[in-house]
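Student: Would you please take me closely through one part of this structure, the region where helices pack on a sheet? I should like a connected account, with each term explained once.

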Amino acid sequence: MSKVAQSERIHIAFIGKRNVGKSSLVNKFIGQDLVIVSETPGTTTDPVKKAMELLPFGPVVLIDTAGIDDEGELGEKRIDKTIKVISESDFAILVLDPQQNLTGYEIQLIERLKNLELPFLAVINKSELGINYELIEELKSYGINYYTVSCFTDEGIYELKEKVIRLLPTEEDLTLVGDLIKQHDVIVLVVPIDLGAPKGRLIMPQVQAIRESLDEDAIVVVAKDKELRAALSKLSDKPKLVVTDSQAIMRVTADVPDDIPLTTFSILMARYKGDLPEYVRGLKRIEELQNGDKVLIAEACSHHAQEDDIGKVKIPRWLRLHTKKNLDIDIINGHDFPSNLADYRLIVHCGGCMLTRKAMQMRIKQAKIIGIPIVNYGVAISYMHGAIPRALLPFSEAITEWDKIKK
Ligand code: SF4
């Protein structure tokens, strides 16, 4: 199996009521009995994820979820988890039982999927039990694509897989640096090896930038920030682009001549996974913050915090220094985005490397819906260190937004 990071894989959620055969269908996709299947309703409690190659599409993660009609207090918690899985997925399969028509649970799910603009397909499982024409008419009235299968006889399973593969969203056009360079261009990547760097390896955006550059037949030079001047002096041609870790931006800006395009890995990630123009708009709010304003610093994973941690220590410090205001800063880690977003005047989000693009987009959407400006670490750091607009210059859509907020 290819070593594609989970967050880079397309996520497919299998959702529906209890005992409609979600786990059986997941097993049919995988081709093995990974997920426990039982006639007892509610066997699947927490979401179960399985990474696999769905050929010829490529790497995916299948997520089996708890029944949306789960009962009791614990059931409500499971339903919350299922809703969260849906909002972080790229595609959903709504599994139905031909013995029942649509219930309020499923109708709510359908509305939620439509609100999220999440592509999905209804699958009527257990076709060996007969056809429910009323259910089919209901699905048609909602304009929903449906498919009939049997996990018991395997009828329609192969065709369903083919159908899902055709419907899965592809993100072939999205690249970190692939569209910024071409064959024989030189790209310089600045990778500080400090206490915050993971031991013995590079982080995902650095690895991805190297791989994409090689795919474009470009020439990649990787240097620590301290060696950057020496690296540049040894090049006979100017590099097409210099990309640095955000935290080294001040030093790197001083070392890279103005006629060489410069940006940061965080800004590349903002463009790749987030919404760079939206983050640039979010910078305006930094200037509008007042004493007592609440700011949310959101990290999408709970990594071990360093002494001078970027999210917990440095960004709060830089924000207070830059604004000269007494800010009320909350810091959250992990996969849960708080439900009280409206309490905040600004959200400063990490790069979200552990999130799928869909999940990151959902967070941005949530902020936009309630009108809370959002910016990511890298854009905010470059701004507070005076490296904006320079670090945005390679991206016309970001510069357009910058010009608007500076008016
Ligand atoms: S960028 Fe966010 S998701 Fe990635 S390691 Fe940092 S805190 Fe975790």
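Tutor: An axis here is a line fitted to C-alpha atoms, for helices over the stretch in contact, and angles run from 0 to 180 degrees between N-to-C directions. Helices (H or I, at least four residues) and strands (E, at least two) are DSSP runs, numbered from the N terminus. The model is predicted: local features need pLDDT of at least 70, side-chain atom pairs count only at pLDDT 80 or more, and totals for chains, interfaces and linings use all residues. Residues are numbered from 1 along each chain as its sequence is written.

Let us begin with the contact of two helices. Helix 11 (residues 310-323) packs on helix 13 at an angle of about 40°, and their axes are 11 Å apart. Helix 11 is therefore oblique to helix 13 (angles under 35 degrees count as roughly parallel, over 145 as roughly antiparallel, 65 to 115 as roughly perpendicular and the rest as oblique). The crossing of helix 11 past helix 13 is left-handed, a term used if the near helix is turned anticlockwise from the far one by less than a right angle. On the side of helix 11, the residues that meet helix 13 are Ile310, Ile315, Trp318 and His322, and their counterparts in helix 13 are Tyr377, Ala380 and Met384; contact requires C-beta atoms, placed from the backbone, within 7 Å. Of the residues in this contact, six are nonpolar, one is polar and none is charged (Ala, Val, Leu, Ile, Met, Phe, Trp, Tyr, Cys and Pro count as nonpolar, Asp, Glu, Lys and Arg as charged, and the others, Gly among them, as polar).

Helix 13 (377-384) is largely enclosed by the rest of the structure, because seven of its eight residues are buried. A residue is buried if 20 or more other C-beta atoms lie within 10 Å of its own, exposed if 12 or fewer, and partly exposed in between, with C-beta atoms placed from the backbone. The buried residues of helix 13 are Tyr377, Gly378, Val379, Ala380, Ile381, Ser382 and Tyr383. Just past the end of helix 13, Gly386 has a positive phi of about 75°. Farther on, in the loop between helix 13 and helix 14 (396-406), lies Pro389, which is joined to Ile388 by a cis peptide bond with omega of about 20°.

Helix 13 is also one of the elements against which the buried residues of helix 9 pack. Helix 9 (residues 265-272) is mostly covered, with eight of its eight residues buried, among them Phe265, Leu268, Arg271 and Tyr272. Its other packing partners include helix 6 (204-215), helix 10 (276-288) and strand 14 (374-376).

Strand 14 leads to the sheet. Four strands, in the order 12-11-13-14, form an open sheet with parallel pairing; two strands pair if DSSP finds at least two bridges between them. Strand 12 (328-333) and strand 14 stand at the edges with a single partner strand each, so one side of each has no neighbour in the sheet. On average, neighbouring strands of this sheet are turned by 20° against each other, direction ignored.

Strand 13 (residues 346-349) can be followed residue by residue. Leu346 and Val348 point one way from strand 13, Ile347 and His349 point the other way, and all are buried. In a regular strand the side chains alternate between the two faces of the sheet. Four bridges pair strand 13 with strand 11 (residues 294-299) in the parallel sense, and Ala298 stands opposite His349. Strand 13 also runs parallel to strand 14, to which three bridges join it. There, Val348 has Val375 as its bridge partner, and His349 has Asn376.

Helix 11 brings the account back to its starting point. Besides meeting helix 13, helix 11 lies across strand 11, strand 12 and strand 13, and runs at about 145° to strand 11. The part thus joins a helix contact that holds six nonpolar residues to a parallel sheet of four strands.

Methods
Contact = placed C-beta atoms within 7 Å.
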